[in-house]
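Please open the model in your viewer and keep the sequence alongside. We will walk through it one region at a time.

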Amino acid sequence: MSGTLKIVGKALPNVPWQDRPAGCTDVLWRYAENPVIPRDLIPCANSIFNSAVVPYQGEFRGVFRVDNKAREMCLHAGRSADGLNWEIEHTPIEFICDDPEVGKFVYGYDPRVCWIEDRYYVTWCNGYHGPTIGVAYTYDFQKFYQLENAFLPYNRNGVMFPRKINGKYAMLSRPSDTGHTPFGDIFYSESPDLIHWGKHRHVMSPAWGWQSTKIGAGPIPIETSEGWLMIYHGVLTSCNGFVYSVGAALLDLDEPWKVKARTRPYILSPQTLYECVGDVPNVVFPCAALVDSETGRMAMYYGGADTVTGIAFGYVQELVEFVKENALDVSILGDEVV
């Protein structure tokens, strides 16, 4: 790409990695040993997917969506030395919360984990009279302290930025409804204290094709000199149901609700057996991305068919250039879903 892209963040020389296969021209490519986490890694699990991973003291830790054999949606902590071979706790996380009303666990799914300043923040789709955004923090992935829910129901896909923006915590989300929402735009919100959220700003709407029904933020945005790189999922309503694919966008660094560019084509779509066949067919759902700022290598964790967890690899530099060279003409998009 023209010039030198700067990636803000720490070096991560042990990021999981596999070179691009010979003959592959895609901007992302799959780990040859996918799924990296099978559906039955722990005895209680019906499925393990849509989960978040972060670096931790030279190794890796994560919060995992585990749907158990009663089909209850739970969150479990996990550890790995290499980001590929995982040990997941057999029992769900028990959040420590001062308010029994907020802390009463109903369900939890699709977590994200974000390091900000001195701790790891966990956001997830939390059950409180409908789906909303739960917020907690941990220092060690053993004790998790739950805070106030970020928003009123109904909301999903709460994704925090990895630093304060203009002195405020910042989060992306997708307001929804009570069910399997057949619509959805991405919004930006900010907070001075992780309790009171406001300054809600529209980021972007669904567009055409693979992202025509609804969209939602995926991994924690990656800060670069070209803007925030936001990987997101987009949904197409086919004659046989929803199809979840992955795209990317560049957001303004200081005003992240302003979209500089977003991909017209997808960068990953359900094509393999473990992405097309499972509890919910035809789904790739990104929730985490590990990045080595020195080399630009990226390992993206994603759910496959709401059943297993896979990894795709790529270079941040190539992905940013791909977004710019394959950008949707956002100027022709109105407020309505098209």
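What follows is a tour of a sheet, a hairpin and two pockets.

A word on the ground rules: this is a predicted model, in which local features need pLDDT of at least 70, side-chain atom pairs count only at pLDDT 80 or more, and totals for chains, interfaces and linings use all residues. Residues are numbered from 1 along each chain as its sequence is written, and side-chain values use heavy atoms, leaving out hydrogens and water.

Let's begin with the sheet. Helices (H or I, at least four residues) and strands (E, at least two) are DSSP runs numbered from the N terminus, and two strands pair if DSSP finds at least two bridges between them. Four strands, in the order E1-E21-E20-E19, make an open antiparallel sheet. Its edges are strand E1 (29–30) and E19, each of which pairs on one side only. Within this sheet, strand E20 (residues 297–304) and strand E21 (residues 308–315) are joined in the antiparallel sense by eight bridges, with Tyr301 opposite Ile311 in E21. Helix H3 (residues 316–325) lies across E19, E20 and E21, and runs at about 85 degrees to E21; such angles go from 0 to 180 degrees between N-to-C directions, with axes fitted to C-alpha atoms, for helices over the stretch in contact (heavy atoms within 4.5 Å).

Next comes a hairpin. Strand E12 (residues 186–191) pairs with strand E13 (residues 198–204) over four antiparallel bridges, and Tyr188 has Arg201 in E13 as its bridge partner. Six residues separate the two strands, and in the turn Leu194 has a positive phi of about 65 degrees.

Now for the open space. On a 1 Å grid over the protein atoms alone, a pocket is an open set of points where a 1.4 Å probe fits, with protein on both sides within 12 Å along at least five of seven lines; lining residues have an atom within 4 Å of a point. Volume is the space filled by probe spheres set on the points, which are joined across faces, edges and corners.

The largest pocket holds about 920 Å³ of space. Of its 35 lining residues, Gly9, Lys10, Pro55, Trp115 and Pro162 lie nearest its centre. Strands giving two or more residues to this lining include E2 (45–56), E6 (108–116) and E19 (284–291).

The second largest pocket holds about 420 Å³. Its lining has 27 residues, with Arg65, Tyr109, Asp110, Arg156 and His180 nearest the centre. E6, E7 (119–127), E8 (131–138) and E10 (155–160) each supply at least two of the lining residues.
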